[in-house]
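Reader: I am new to this structure. Please take me closely through one part of it, the place where two helices pass each other.

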Amino acid sequence: MSVHDDINAVQRCLDDLHRSLGQLEHRLGGSGLEIRRVRLDADHLRESLALLREAAASPIASHRPDLVTISDAPYDISLWTDSDDEGLGARDRRAP
């Protein structure tokens with residue numbers, strides 16, 4: 001399955017959830033705090049899925065950045081010349 005197929009499947013499930021919530025809301029009444037919270041959560045899911053659909057459609061989403069290989073070899077010791085030790089200051093100076 002492609003990403004778009006997966007997003008469409010989730011959209012169908014959210015549509016089913018929306019219809020079921022409408023029926024439940026009709027039976028229980030729409031004034032309850034619990035049903036309003038569930039409705040709000042379902043609406044947030046719809047918005048999030050719409051953002052995900054936009055992100056998947058952009059060409060940037062399909063391009064992964066190149067991985068950078070970091071060597072396990074030790075660093076050149078000259079990199080640390082004239083550096084301060086964290087919290088200790090420079091080697092040739094005394095702490096106040």
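Author: Here is a close look at that helix pair, with one residue picked out.

The model is predicted, so local features need pLDDT of at least 70, side-chain atom pairs count only at pLDDT 80 or more, and totals for chains, interfaces and linings use all residues. Residues are numbered from 1 along each chain as its sequence is written, and side-chain values use heavy atoms, with hydrogens and water left out.

The chain has three helices and zero strands. Helices are DSSP runs of H or I with at least four residues, strands are E runs of at least two, and both are numbered from the N terminus.

Take H1, residues 3-28, and H2, residues 33-57. Their axes come within 10 Å and cross at roughly 165°. Axes are lines fitted to C-alpha atoms, for helices over the stretch in contact, and angles run from 0 to 180 degrees between N-to-C directions. H1 and H2 are therefore roughly antiparallel (the term covers angles over 145 degrees). By class, their contact has 15 nonpolar, five polar and five charged residues. Ala, Val, Leu, Ile, Met, Phe, Trp, Tyr, Cys and Pro count as nonpolar; Asp, Glu, Lys and Arg as charged; the others, Gly among them, as polar.

Now Arg 39. Arg 39 sits in helix H2. Arg 39 counts as buried because its relative accessibility is 16% (buried means under 20% relative accessible area, with a 1.4 Å probe and protein chains only). Beyond its neighbours within four places in sequence, Arg 39 is in contact with His 18, Leu 21, Gly 22 and Glu 25. Contact means heavy atoms within 4.5 Å.

Technical notes: Parallel < 35°, antiparallel > 145°, perpendicular 65-115°, else oblique. Buried < 20%, exposed > 50% of the residue type's maximum accessible area, 1.4 Å probe, protein only.
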